[in-house]
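Biologist: Can you take me through this one? I would like to start with the cysteines and then move on to other topics.

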Amino acid sequence: MSVLAHGTGAQHDLPLSPFYAFAGAFAALFVSFLALGLLWSTSRFRGDLAGRPLPDAVQRAADARPTRIAARALGLAAAILVVLYLLLGPADPDRNPAPGAVYVLLWVGLVPASLPLGPVWRLLNPLRTLHLLACRALGRDPDTGRPLPVRLGMWPAAAGLLAFTWLELVAPDPASPTALLLFLALYSAAHLTGAARHGAHWFDHADAFEVYSGLLARLSPLGRRAADRRLVLRSPFNGLDATPQLPGLVATICVMLGSTAYDGFSDAPSWITTVQTSPLGRTAVATLGLLGAVALVATLYALCAGATRLLSGQLPNPLAAFAHSLVPIALGYLVAHYFTLFVTEGPRTVMVALGTDNPAPPDPLLGPGGVATLQVLAIVLGHVLGVVAAHDRSVRLFPPGRATAGQLPLLVLMIAYTIGGLSLLIA
């Protein structure tokens with residue numbers, strides 16, 4: 001079951017020329033940067049104010065009580081099945097669908113689910129449903145509770161994502177029913193306690209999977225207008241522009257980026273040798289590697305934010321101002337590293353859940369060349385979208401004469417991220 005812990009598996013022999021991959025990536029970044037500087041002089045994104053309303057019938061169906069009840073029931077039933085499989089199912093992960101349900105259908109599946117449909121985990125989240133049922137039984141309003149400290153922001157979500165990725169990528173036996181049950185029990189206890197103290201709003205910014213789904217959903221064409229909560233069709237850039245600049249936002253995105261980067265180099269022969277030969281032991285070295293990858297991503301971004309502030313003049317909270325531009329980059333990394341895992345292990349997990357004994361995963365939809373091309377395109381497109389998002393924010397925040405210069409550190413950062421991302425794929 002090591003495939004569940006390492007995304008697409010070995011990625012260092014993909015049939016793609018490094019020269020053409022890097023040349024194409026740099027050309028795309030430079031051309032987009034120059035074109036935006038020449039042709040895009042005023043901010044065009046309006047965040048949650050933008051969007052074309054969907055028909056009333058669609059709005060009523062989406063917000064209908066039966067729709068929400070069905071979604072909550074589906075999420076709770078799936079969670080109960082996972083727990084039952086972990087408690088009563090076989091210990092062999094090849095014959096137990098629970099590990100695949102958690103690592104593939106949930107973690108990776110939230111990407112293709114959130115992009116077209118929006119923040120779906122908010123409706124499916126079984127912990128939110130359990131909190132709602134408990135409040136109904138006690139006669140309490142689920143939204144009542146102590147106000148969340150402003151400084152808390154998304155920090156609990158960042159910690160939760162780091163804990164989950166540690167379990168997936170570092171833990172000695174991530175597919176073990178014992179390990180998964182322990183994680184799910186601790187995670188559930190922490191968030192149900194938080195919701196009991198602060199109300200259902202706790203999940204909005206503290207639950208790792210809700211925040212993860214919500215950040216990816218910023219690029220969804222479906223959204224809600226801020227003024228009237230109307231369901232609208234919008235440019236994904238408007239959703240991205242409306243990303244709330246909360247404490248912990250940068251940390252959350254850096255965990256997404258850093259953990260995916262660690263997954264990319266954790267199967268490199270040199271790293272495997274380091275892990276196996278270190279006197280510290282495998283788990284300690286792998287933990288340091290994961291933390292180091294997240295810290296490197298965060299340090300590069302912090303240096304970029306500091307340089308942006310120096311070049312453009314005073315800018316309040318420069319770290320959060322451009323954090324939204326990292327979301328499409330994180331999405332590109334997720335697609336590049338987990339596409340093959342999802343299309344092979346996802347159906348296999350479903351077949352195991354339906355009773356097929358140790359089925360073989362289906363053949364990949366794309367050959368090695370197609371997978372390599374998709375991975376490179378995902379990374380490059382994610383960075384180009386990040387450049388567009390950062391440019392629009394810069395022309396809004398900076399004086400006209402400094403808008404282009406203020407973006408240079410961001411361009412350098414995205415080039416560095418591009419080099420790193422492509423190197424993990426084809427080096």
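Modeller: What follows is a short talk through cysteines, nonpolar cores, a surface patch and salt bridges. Keep in mind that this is a predicted model.

Biologist: Cysteines, then. How many disulfides does the structure hold?

Modeller: The count is 0.

Biologist: Why is there no bond for Cys254?

Modeller: Distance. The closest cysteine sulfur belongs to Cys304, and it is 11 Å from the sulfur of Cys254, so the two are too far apart for a bond. A disulfide needs the sulfur atoms within 2.5 Å.

Biologist: Is Cys254 buried or exposed?

Modeller: Cys254 is buried, with a relative accessible area of 1%. Cys304 is buried too, at 5%.

Biologist: What is the C-alpha distance between Cys254 and Thr299?

Modeller: Their C-alpha atoms are separated by 9.5 Å, and the two residues are 45 residues apart along the chain. Thr299 sits in helix α15, residues 282-312. Thr299 counts as partly exposed, at 42% relative accessibility.

Biologist: Change of topic. How many residues are in the largest nonpolar core?

Modeller: That core has 87 residues, and Tyr212, Leu257 and Tyr417 have the most contacts inside it. Helix α18, residues 368-397, gives the largest share of this core, with 10 residues.

Biologist: Which residues does Tyr417 touch?

Modeller: Leaving out residues up to four places away in sequence, Tyr417 touches Leu257, Val297, Leu300, Tyr301, Leu326, Ile329, Tyr333 and His383.

Biologist: And what is in the second core?

Modeller: The second core is separate and has 9 residues, including Leu169, Val170, Val275 and Ala286.

Biologist: What about His131, is it buried or exposed?

Modeller: His131 is buried, with a relative accessible area of 6%. It belongs to helix α7, residues 126-138. Beyond its neighbours within four places in sequence, His131 is in contact with Pro142, Leu192, Ala195, Ala196, Gly199, Ala200 and Phe203.

Biologist: On to the surface. Which residues make the nonpolar patch?

Modeller: Ile80, Leu81, Val83, Leu84, Leu87 and Leu88 make a nonpolar surface patch of about 570 Å². Leu84, one of them, lies in helix α3, residues 65-88. Leu84 is partly exposed, with a relative accessible area of 40%.

Biologist: Last topic, charges. How many salt bridges does the structure hold?

Modeller: There are 12 salt bridges. Side chains of opposite charge can pair when their charged atoms come close.

Biologist: Which parts does the Arg122 and Asp204 pair tie together?

Modeller: The side chains of Arg122 and Asp204 meet at 3.4 Å, N to O. Arg122 is in helix α6 (residues 121-124) and Asp204 in helix α10 (residues 201-206), so this salt bridge ties together parts that are 82 residues apart in sequence.

Biologist: Which residues are in the network with them?

Modeller: Arg122, Arg128, Asp204 and Glu210 are linked in a network of salt bridges.

Biologist: And where do Arg396 and Asp392 lie?

Modeller: Both lie in helix α18, 4 residues apart, which is about one turn of the helix. In their salt bridge, the closest N and O atoms are 3.3 Å apart.

Biologist: Is Asp392 buried or exposed?

Modeller: Asp392 is buried, with a relative accessible area of 0%, whereas Arg396 is partly exposed, at 37%.

Terms used: Residues are numbered from 1 along each chain as its sequence is written. This is a predicted model: local features need pLDDT of at least 70, side-chain atom pairs count only at pLDDT 80 or more; totals for chains, interfaces and linings use all residues. Side-chain values use heavy atoms; hydrogens and water are left out. Buried means under 20% relative accessible area, exposed over 50%, partly exposed in between (1.4 Å probe, protein chains only). Patches are made of residues with over 30% relative accessible area and no salt bridge: like charges are joined within 9 Å, nonpolar side chains (Val, Leu, Ile, Met, Phe, Trp, Tyr) within 5 Å. Accessible areas come from the Shrake-Rupley method with a 1.4 Å probe; for residues, only the protein chains shown count as cover. A salt bridge is a side-chain nitrogen of Lys or Arg within 4 Å of a carboxyl oxygen of Asp or Glu. Helices (H or I, at least four residues) and strands (E, at least two) are DSSP runs, numbered from the N terminus. A nonpolar core is a set of buried Ala, Val, Leu, Ile, Met, Phe, Trp, Tyr and Cys residues joined through side-chain atoms within 4.5 Å. Contact means heavy atoms within 4.5 Å.
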